[in-house]
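Okay, thanks for coming, everyone. I'd like to take a few minutes on aromatic rings and helix packing, so let me put the structure up.

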Amino acid sequence: MGFWSRRNWLTLAALGGFLSVGFGAFAAHGVSDPRAQELLRTGSLYGFLHCLATFACAAAMQAGARRARFVPAFFLAGALLFSGSLYAMALGAPRWVGVVTPIGGLGFLAGWAVLAWAAREVDRA
């Protein structure tokens, strides 16, 4: 089935959810700098939501939205770039790393657009 099998992207989404919870907890209990806390919380929120949305893609596919199989690549790449860059900056990476953050946001937007397109396949009469 290849690397982008449903099993693999659901596994990656679960690992992303794990990391999101961990970084969110680190923001709440392990960091005192308010800016770092904000970056970690934002990265955690967006990462977690898009990992959950990846699981929703599996349900959409079961309902007949075959095009939903393209969405996890956008959501997971978006989480890696968006959330990852925020985590990196919170942990001391230079501010120029933030240049990657909007690219991840574009991945999120592209994923939602493709998911909306895929949803048009469900319950076709």
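I'll go through the ring pairs, then the helix contacts, and then two residues that I picked out.

One caveat before we start: this is a predicted model. So keep in mind that everything I quote is computed from predicted coordinates.

Right, aromatics. How many aromatic pairs do we get? The count comes to 5. Take Tyr-46 and Phe-108, which form a stacked pair, with 6.3 Å centre to centre and 20° between the planes. In sequence these two are 62 residues apart, and the pair links distant parts of the chain: Tyr-46 sits in helix H2, residues 34-62, and Phe-108 in helix H4, residues 101-119. Are those two rings buried or exposed? Well, Tyr-46 is partly exposed, because its relative accessibility is 36%. Phe-108 has a relative accessible area of 5%, so that one counts as buried.

Next pair: Phe-75 and Trp-112. Here the ring centres are 4.9 Å apart and the planes are at 55°, so we call this pair tilted. The cut-off for edge-to-face is over 60 degrees, so 55° doesn't get there. Again the pair links distant parts of the chain, with Phe-75 in helix H3, residues 71-90, and Trp-112 in H4, 37 residues apart. Phe-75 is buried, at 0% relative accessible area, while Trp-112 comes out as partly exposed at 41%.

And there's a cluster too: ring pairs link Tyr-46, Phe-82 and Phe-108.

Okay, on to the helices. How do H2 and H4 sit relative to each other? Their axes come within 12 Å and cross at roughly 20°. That angle is under 35 degrees, so H2 and H4 count as roughly parallel. The crossing of H2 past H4 is left-handed. From H2, the contact uses Tyr-46, His-50, Ala-53, Cys-57 and Ala-60, and from H4 it uses Phe-108, Trp-112 and Leu-115. Sorted by class, that's 7 nonpolar residues, 1 polar and no charged ones. You'll recognise Tyr-46 and Phe-108 there, our stacked pair.

Now H2 against H3. These pack at an angle of about 165°, with the axes 8 Å apart. With the cut-off for roughly antiparallel at over 145 degrees, H2 and H3 therefore fall in that class. This crossing is left-handed, and the contact residues divide into 17 nonpolar, 7 polar and, again, no charged.

Let me finish with those two residues. His-50 is in helix H2, and at 5% relative accessibility it's buried. What does His-50 touch, leaving aside its neighbours within four places in sequence? Phe-75, Phe-108 and Trp-112. So you can tie this back to the ring pairs, because Phe-75 and Trp-112 are the tilted pair.

The other residue is Val-114, over in helix H4. Val-114 has a relative accessible area of 16%, and since the cut-off for buried is under 20%, it counts as buried. Not counting residues up to four places away in sequence, Val-114 touches Arg-67, Phe-70, Val-71 and Phe-74. And for a sense of distance, the C-alpha atoms of Val-114 and Leu-39 are separated by 27 Å, with their positions 75 residues apart along the chain.

That's it from me, happy to rotate the view if anyone wants.

Key:
Residues are numbered from 1 along each chain as its sequence is written. This is a predicted model: local features need pLDDT of at least 70, side-chain atom pairs count only at pLDDT 80 or more; totals for chains, interfaces and linings use all residues. Side-chain values use heavy atoms; hydrogens and water are left out. Rings of Phe, Tyr and Trp (its six-membered ring) pair if their centres lie within 6.5 Å; planes under 30 degrees apart count as stacked, over 60 as edge-to-face and the rest as tilted. Helices (H or I, at least four residues) and strands (E, at least two) are DSSP runs, numbered from the N terminus. Buried means under 20% relative accessible area, exposed over 50%, partly exposed in between (1.4 Å probe, protein chains only). Axes are lines fitted to C-alpha atoms, for helices over the stretch in contact, and angles run from 0 to 180 degrees between N-to-C directions. Angles under 35 degrees count as roughly parallel, over 145 as roughly antiparallel, 65 to 115 as roughly perpendicular and the rest as oblique. A crossing is left-handed if the near helix is turned anticlockwise from the far one by less than a right angle, and right-handed if clockwise. Contact means heavy atoms within 4.5 Å. Ala, Val, Leu, Ile, Met, Phe, Trp, Tyr, Cys and Pro count as nonpolar, Asp, Glu, Lys and Arg as charged, and the others, Gly among them, as polar.
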